[in-house]
Number of protein chains: 2
Amino acid sequence: MSLYASRLKPNAIRALAHLINRPSVISFAGGVPSSQTFPADEIAEIAARLIRERGSEVLQYGVTRGRAELIRRVCDYMRARSIEAVPEQVILTAGSQQALDLLCRVLLDPGDVVIVEAPSYIGALCAIRNSGARIVAVDLDDDGIKIDELELVLRQSGRSVKFIYTVTNFQNPSGVTLSSERRQQLMDLANRYDVMVVEDDPYGELYFEHSPPRPIKSLDEEQKVVYLGSFSKMLAPGLRTGWAVGPTGLIRLMELAKEAADLCSGGLDQALVEECLSCGLLERRLPVLRDFYKLRCQTMLEALSEYAPQGVRWTYPRGGFFVWVWLDNMDATSLLEVAVEQGVAFVPGQPFFADEQVGGNTLRLAFSKETPQRVSEGISKLMMLIRQAQCS
Amino acid sequence: MSLYASRLKPNAIRALAHLINRPSVISFAGGVPSSQTFPADEIAEIAARLIRERGSEVLQYGVTRGRAELIRRVCDYMRARSIEAVPEQVILTAGSQQALDLLCRVLLDPGDVVIVEAPSYIGALCAIRNSGARIVAVDLDDDGIKIDELELVLRQSGRSVKFIYTVTNFQNPSGVTLSSERRQQLMDLANRYDVMVVEDDPYGELYFEHSPPRPIKSLDEEQKVVYLGSFSKMLAPGLRTGWAVGPTGLIRLMELAKEAADLCSGGLDQALVEECLSCGLLERRLPVLRDFYKLRCQTMLEALSEYAPQGVRWTYPRGGFFVWVWLDNMDATSLLEVAVEQGVAFVPGQPFFADEQVGGNTLRLAFSKETPQRVSEGISKLMMLIRQAQCS
């Protein structure tokens with residue numbers, strides 16, 4: 001067993017899967033897109049045509065970097081989001097999780113420091129932790145990561161900080177969005193302290209009213225930012241297609257690491273995504289997705305304000321999948337056991353914190369999966385359980 | 001940049017791609033299955049049906065270990081090849097390259113020793129080298145790795161040897177098959193010296209006359225062997241589906257590493273492979289594939305015996321994709337430049353050796369991609385060039 005293996009720990013959410021994936025349970029647990037949003041009929045038709053007409057290409061090995069035409073389309077897509085990128089600055093990955101893993105492999109040695117938000121995305125925490133790097137977490141508020149605390153950490157940790165990891169829009173797990181002003185401040189700090197920024201943005205297109213502020217990457221004049229995007233939430237996660245935009249040299253290192261990691265990503269998956277972009281399907285679907293998740297979020301927020309007892313607080317996301325909840329003097333993991341028995345599930349917040357001592361009184365609610373009616377019913381149930389626990 | 005990044009080097013074959021992938025060139029270079037062998041029409045039909053009827057499942061995130069039903073089918077398939085495995089001993093991976101990478105991550109620390117064949121598969125050499133392990137190569141002959149030399153290395157390197165990596169059937173790049181007797185001897189050595197064996201078998205089903213000897217894994221009574229399989233050559237590499245069978249604890253570590261590496265493999269790809277197995281398509285295709293590659297191999301061997309000048313030797317594979325060639329006092333890389341100009345390509349043998357000082361006079365010929373006519377034409381051309389170079 002290697003040192004790497006000795007650091008491996010189960011992803012706390014995936015370890016809960018047996019508990020929270022029972023069909024009878026109203027689940028606010030898994031942060032996955034609703035399968036109702038998948039354009040299955042269109043994808044079925046495209047798949048049949050692609051394989052029949054271009055099977056010798058899409059079923060064959062492909063280049064490690066990813067299909068050239070899809071990379072060009074990603075560049076166009078990035079341009080529309082204020083990010084200028086040439087193909088040499090882009091790599092396609094097996095979901096953005098692979099991009100995170102490749103980044104950790106080529107950037108981190110044991111003992112290096114990575115700054116994350118508190119709370120932060122579990123998949124990133126796992127990849128960083130597995131590399132042996134030390135994680136330092138900086139608190140969030142309603143406008144995202146607290147810039148003054150971030151600067152303090154940068155000043156204290158100096159050269160050992162390799163990158164700042166941030167989910168800028170409708171963050172997983174908190175639902176919070178980094179304000180426009182703080183994006184510029186974060187960019188300035190990264191330049192001043194000469195650290196990289198990994199800007200993870202799987203939810204940016206899933207806004208409810210207004211598109212979020214311009215990405216940090218669009219402010220990046222000194223090639224300090226790696227932007228991660230994903231088609232998992234916009235299209236379908238089973239197609240395992242994400243991408244990274246970053247400095248040419250770093251993208252090249254990620255390509256070399258990917259070569260040994262899996263040679264290349266699935267050809268059919270990439271070609272399917274490419275077709276969904278080129279025929280305009282993705283663009284046509286986005287307004288539908290926004291309305292879909294907005295309705296569920298509104299329902300959840302309304303149910304919370306109707307049913308939540310005193311002492312329970314939560315965030316007000318403007319997009320994405322998640323509401324974050326603070327309980328008053330109550331342990332979320334114990335609550336989960338009771339809740340699942342009563343037919344409602346969520347994810348306790350503690351695993352989203354790098355520091356195992358904090359976050360025990362928090363939880364993440366995903367509104368992405370259930371129907372509005374079940375969202376309302378589930379929140380009512382859960383709040384009743386909280387009220388009962390408060391009284392006992 | 002991490003220490004890991006500092007070890008990354010381009011895969012020598014992929015770096016040649018721009019040279020050898022010109023359509024006008026008769027290519028014996030890329031070790032890829034012929035796209036003519038892909039059952040595209042059947043896969044197109046299955047894909048359309050799967051996505052239409054079970055889109056919410058196959059387009060969604062899946063479990064890290066891989067689809068349970070496909071894992072069960074892999075267990076059945078293994079049993080037919082004399083390997084007893086329960087689902088806990090199996091993980092599905094994004095091609096067997098990912099299995100190699102995960103194994104290297106969980107087994108190897110910098111400074112560890114891995115024993116490989118000389119020559120060996122480049123993708124494995126890359127993954128092992130990237131981990132910082134030291135590679136010790138043991139020569140092959142017509143019956144596979146030389147057991148007496150292997151024992152010598154094991155005796156000298158002792159505890160630092162973490163595993164022996166072997167491609168047992170129709171080896172990439174040499175085309176050689178490990179004899180039945182040596183499989184047992186290798187197993188005995190692994191048990192005696194307490195080292196793991198990684199048995200990589202992507203070509204085993206592609207035999208021309210007789211199926212190869214029983215896998216080493218079928219002789220494994222002390223849980224020392226990890227067997228790697230792949231659907232890339234039997235079905236289509238674009239579907240990126242391979243598997244590993246090994247000790248439960250090790251497979252669990254690979255699962256944890258995969259969780260951080262890419263969360264899960266593509267759902268559609270796995271479901272497609274599953275359907276190809278369950279409807280009998282894979283089994284029906286295998287005899288067709290065997291005949292397809294046998295014809296090309298025979299053509300190549302006949303052309304070699306007709307056109308090869310004195311001093312050129314080669315192997316006689318009984319399956320797979322590759323013939324290995326020794327030149328007499330001639331550098332294969334210089335030959336490649338001339339050959340590509342004249343419209344024929346191959347891969348110089350040196351990169352398949354862990355030791356950069358050897359193998360300069362060897363080359364690999366893949367007969368898998370070209371039509372029999374072009375195989376014959378290409379060999380005739382190449383041998384003429386060798387004859388010319390001998391005279392100059």
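In which order do the four strands of the open sheet in chain A stand, and what is the sense of their pairing? The order is S10-S11-S14-S13 in chain A, and the pairing is antiparallel; strands here are DSSP runs of E of at least two residues and helices are runs of H or I of at least four residues, both numbered from the N terminus, and two strands pair if DSSP finds at least two bridges between them.

The model is predicted, and local features need pLDDT of at least 70, while side-chain atom pairs count only at pLDDT 80 or more and totals for chains, interfaces and linings use all residues. Residues are numbered from 1 along each chain as its sequence is written, chains are lettered from A and ligands numbered from 1 in the order in which they are written, and side-chain values use heavy atoms, with hydrogens and water left out.

## Sheets of chain A

In the four-strand sheet, the edges are formed by strand S10 (313–314) and strand S13 (347–348) of chain A, each of which pairs on one side only. Strand S11 (residues 322–326) and strand S14 (residues 362–366) of chain A are joined in the antiparallel sense over five bridges, and A:Trp324 stands opposite A:Arg364 in S14(A).

Chain A also has an open sheet of eight strands, with the order S2-S9-S8-S7-S6-S3-S4-S5 and mixed pairing. Strand S2 (90–93) and strand S5 (144–145) of chain A stand at its edges with a single partner strand each, so one side of each is left without a neighbour in the sheet. Within this order, strand S6 (residues 161–167) and strand S7 (residues 196–200) of chain A pair in the parallel sense over five bridges, and A:Thr166 stands opposite A:Glu199 in S7(A).

## Relation of the two chains

Chain A is superposed on chain B by a rotation of 180° with 0.0 Å of shift along its axis, at an RMSD of 0.0 Å; the fit is by least squares on the C-alpha atoms of residues with pLDDT of at least 70 in both copies. That is the relation of a two-fold axis, and in chain A the C-alpha nearest the axis belongs to A:Ala48, 2.7 Å from it.

## The interface

Contact (heavy atoms within 4.5 Å) links 68 residues of chain A with 68 residues of chain B. Because 100% of the interface residues of chain A are also interface residues in chain B, the copies meet through the same surface. The size of an interface is often given as the accessible area lost when the parts come together. Here chain A and chain B bury about 5,500 Å² between them, 59% of it on carbon and sulfur atoms, where buried area is the accessible area (1.4 Å probe) lost on putting the two parts together, summed over both.

Across this interface there are 25 residue pairs in polar contact, both residues at pLDDT 80 or more; a polar contact is a pair of N or O atoms within 3.5 Å, and within protein one must be able to donate a hydrogen and the other to accept it, with residues adjacent in sequence counted only if both atoms are side-chain atoms. Among the helices of chain A that each supply at least two residues to the side touching chain B are H1 (3–7), H4 (40–58) and H6 (95–107), and H4(A) gives the most, with 12 residues. By class, that side has 38 nonpolar, 16 polar and 14 charged residues; Ala, Val, Leu, Ile, Met, Phe, Trp, Tyr, Cys and Pro count as nonpolar, Asp, Glu, Lys and Arg as charged, and the others, Gly among them, as polar.

Over all chains the structure holds 50 salt bridges, each a side-chain nitrogen of Lys or Arg within 4 Å of a carboxyl oxygen of Asp or Glu, and the count between chain A and chain B is two. In one salt bridge, the side chains of B:Asp101 and A:Arg105 meet at 2.8 Å, N to O. B:Asp101 lies in helix H6 (residues 95–107) of chain B and A:Arg105 in helix H6 of chain A, so the pair joins two chains.

## Backbone details

Two cis peptide bonds of chain B are set out below.

| Peptide bond | Omega | Place of the proline |
|---|---|---|
| B:Ala118 to B:Pro119, cis | near 5° | loop between strand S3 (113–118) and helix H7 (122–130) of chain B |
| B:Asn172 to B:Pro173, cis | near 20° | loop between strand S6 (161–167) and helix H9 (180–193) of chain B |

In chain A, A:Gln223 has a positive phi of about 55° although it is not a glycine, and A:Gln223 is found in the loop between S7 and strand S8 (225–230) of chain A.
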